[in-house]
Amino acid sequence: MPRIVPANSQYILEAARMLQRGGVVAFPTETVYGLGALTFDGQAIEQVYELKGRPADNPLIAHVLDARQARELIEPGAWDERCDLLASRFWPGPLTLVLAKSPRVGSRATAGRSTIAVRAPRHPVARALIEAAQQPISAPSANRSGRISPTSAQHVFDEFRDVEPARDLMILDGGPCEVGIESTVLDLTTSPPRVLRPGSVTLESLRETLGDIEAADIRSQAHSPGTRESHYAPRTPTELVSSESLANVLSACAGRGIRCAALVLGATPVTAGQIRIVMPREADHYAHELYRRLREADALGADRIIVESPPATSQVWRAVLDRLQRAAAGRE
Ligand code: TXA
Ligand code: MG
């Protein structure tokens, strides 16, 4: 079974040694937990794909301490003035930049692409681990492919408890993640730059820094395979419904004997046999709670998860909606 250990300096050092010996470890970032291997260790990265059951064409994010370390991973000259502006404003933090990769980076770390995604996380444990390993760490979210991203060490444990090759997995416990949804991914190789995945670093704030930037489009997945439509998905069929139709949907389900777990935004009358989980009305707070609450709803054994659709009134709400749409995609 995987083991959860406190993220103190002793275990961070042990985790760094495991990475240096070609191992894989799970660690907290401010967004979600990551499943890491050294960026320059193709074999270890292979293990990450295997543990996650991740499609081989979906590249990983390399986690670095700062701009200096990021530059070691990208093509000489690809780090330009825009990168300096973005890094000084948003790093360390939940912004990932896609740039042309250095020939030094093996193809396994980028799923064969000529570009690499890099970000400097701000979580102190992630930073201490990169520092102790003395190298960049490539890490996808520490969930099985297609499932809900983990925002606590226990979530990571739950994902991998029955995965045989993960029996020795060390999970550094750094508490619940502050942001709760994955980083904003910005592709700087296109003109204009394009947001491939929305997150808590908003389009407005990126535009303030860089000017023209294209918004993410949930249906354009070719550029970032990890944003395929069905993702972040509970096992229970999940449906996203408007506030206006919520009461009708719940009572129709009740009438047909369908047991629902409902993630709602406010006081909604509860129908017999249905469970209501009240979600925060503020976007950052909702994002922080989202995956924990979806996991909770999934564990209830309901027939269906009904999510009251939040308003698309801000970029953080849009990022939340992006995750909810994918959680519900491909379901009835
Ligand atoms: O917040 C986060 O970004 C978390 C933490 C652990 O840092 N990581 C994360 O990784 O969400 P993952 O692998 O679950 O998502 C990475 C996303 C995917 O959508 C992937 O397709 C995209 O980044 N990506 C990675 N490298 C890319 C590249 N070279 N070009 C385009 N998209 C890329
Ligand atoms: Mg992921």
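The following legends describe close-up views of a predicted model.

**View 1. Residues and strands surrounding ligand 1.** Ligand 1 is surrounded by 29 residues, the closest of which are T31, R54, N58, H63 and S183. By residue class, this shell comprises 12 nonpolar, 12 polar and five charged residues. At least two shell residues come from each of strand 4 (61–63), strand 6 (115–119) and strand 10 (194–197). Strand 6 supplies four residues, the largest share of the shell.

**View 2. Polar side-chain atoms at the oxygen atoms of ligand 1.** A polar side-chain atom of N58 is placed 2.8 Å from an oxygen atom of the ligand. For S141, an N or O atom of the side chain lies 3.0 Å from an oxygen atom of ligand 1. R119 places a polar side-chain atom 3.1 Å from an oxygen atom of ligand 1. Of the 680 Å² of accessible area that ligand 1 has on its own, the protein covers 98%.

**View 3. The open four-stranded sheet.** Its strands follow the order 11-14-12-13 with parallel pairing. Strand 11 (238–241) and strand 13 (275–278) form the edges, each pairing on one side only. On average, neighbouring strands are turned by 20° against each other, direction ignored.

**View 4. Strands 11 and 14 with the helices packed on them.** Strand 11 runs parallel to strand 14 (residues 304–308), and four bridges join the two. V241 stands opposite E308 of strand 14. Helix 8 (residues 243–255) packs on the sheet and touches strand 11, strand 12 (260–264) and strand 14; the direction of helix 8 makes about 160° with that of strand 14. Helix 10 (residues 315–328) lies across strand 11 and strand 14, at about 135° to strand 11.

Technical notes
Residues are numbered from 1 along each chain as its sequence is written. Chains are lettered from A and ligands numbered from 1 in the order in which they are written. This is a predicted model: local features need pLDDT of at least 70, side-chain atom pairs count only at pLDDT 80 or more; totals for chains, interfaces and linings use all residues. Side-chain values use heavy atoms; hydrogens and water are left out. A residue is near a molecule or strand if one of its heavy atoms lies within 4 Å of it. A polar contact is a pair of N or O atoms within 3.5 Å; within protein, one must be able to donate a hydrogen and the other to accept it, and residues adjacent in sequence count only if both atoms are side-chain atoms. Accessible areas come from the Shrake-Rupley method with a 1.4 Å probe; for residues, only the protein chains shown count as cover. Ala, Val, Leu, Ile, Met, Phe, Trp, Tyr, Cys and Pro count as nonpolar, Asp, Glu, Lys and Arg as charged, and the others, Gly among them, as polar. Two strands pair if DSSP finds at least two bridges between them. Axes are lines fitted to C-alpha atoms, for helices over the stretch in contact, and angles run from 0 to 180 degrees between N-to-C directions. Contact means heavy atoms within 4.5 Å.
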